[in-house]
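Colleague: Could you walk me through this one? I have a few questions about its loops and its interior.

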Amino acid sequence: MPSVSVHPTAEVEAGAKVGAGTRIWHLTHVRSTARIGADCTIGRNVYVDAGVEIGDRVKIQNNVSVYVGVTLEDEVFVGPSAVFTNDLNPRAQNPDWQVTPTRVRTGASIGANATIVCGTEIGEYALVAAGAVVTRDVQPYQLVAGNPARHLGWVNRNGEVVARGTEQFPTDVLEAR
C-alpha cells in the first residue's frame, strides 16, 4: 500500500482498503473488508472490524474497537477507549443475531471512554463528552454528557461551546456553524 504507513506490529488483512496518507499504529488490526479513507490516524491497539467504513481525515485514539455496523464519516474524532456496540440484545449464542447500525456524522467528536449504544446517530459536529453513555440520537452541533447522555448545550464547528442549556440551537450564532 504505497503512501500508507503501517506499523510492523499492526495487521491489515488482505482486501482492506486504506487511503493515501493514513497512519496505522502499533498492535492495530484492520479486517479484510474494512474501508479507511485518506489521511487518517488509527492509534495503538485499535480494532477495525470487517465491513466498517471510515471516512477521510478521521482520528481514532488508542484502545478503540470499531465493530461491524459502525460508520464514521469524514473528520470524526474518537477519543481513547471509546466503545461502540452493535447488538441491542447481546447473548453469547444467538442464531438470529442482527447488526444494529450506528453512524457518526462529519466532524463529530467522541470523548475518551464514551460508550455509543448501537442504533444511534451522532450528528455533524456534535460533541460527546468524555465518559458519556449515548443511548439516543445526538443532534448536529449538540453537546451531550453524562449517563445516560443528556443535552448540555451547543458547540460550533471548532467544538467551542456557544450556548449552554437551551434546547434549540441559538440562531444568533448560526454564522459560527
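Colleague: Between which strands does the loop with Asp49 lie?

Modeller: Keep in mind that this is a predicted model. Asp49 belongs to a loop, and the strands on either side of that loop are S8 (47–48) and S9 (53–54).

Colleague: Is Asp49 buried or exposed?

Modeller: Residues under 20% relative accessible area count as buried. Asp49 has 9% relative accessibility, so it counts as buried.

Colleague: Which residue has its backbone nitrogen 3.1 Å from a polar atom of the Asp49 side chain?

Modeller: Leaving out residues up to four places away in sequence, Asp49 touches Arg31, Ala34, Val66, Tyr67 and Val68. The backbone nitrogen that lies 3.1 Å from a polar atom of the Asp49 side chain is that of Val68.

Colleague: Thanks! Why does Thr100 count as buried?

Modeller: Thr100 sits in the loop between strand S14 (83–84) and strand S15 (102–104). Beyond its neighbours within four places in sequence, Thr100 is in contact with Asn86, Leu88, Cys118 and Gly119. The cut-off for buried is under 20%. Thr100 counts as buried because its relative accessibility is 17%.

Colleague: And how many residues are in the largest nonpolar core?

Modeller: Ile54, Ile60, Leu72, Phe84, Ile122 and Val128 touch the most other members of that core. Taking Leu72, its contacts more than four places away in sequence include Ile54, Ile60 and Phe84. Another core, of 5 residues, lies apart, with Tyr125, Tyr141, Trp154 and Phe169 among them. For the largest nonpolar core, the number of residues is 37.

How values were computed. Residues numbered from 1 in each chain as written. Predicted model: local features only at pLDDT ≥ 70, side-chain atom pairs only at ≥ 80, totals over all residues. Heavy atoms only, no water. Core = buried A, V, L, I, M, F, W, Y, C linked by side-chain atoms within 4.5 Å. Buried < 20%, exposed > 50% of the residue type's maximum accessible area, 1.4 Å probe, protein only. Contact = heavy atoms within 4.5 Å. Helix = DSSP H or I, 4+ residues; strand = E, 2+ residues; numbered from the N terminus. Polar contact = N/O pair within 3.5 Å; in protein donor to acceptor, adjacent residues only side chain to side chain.
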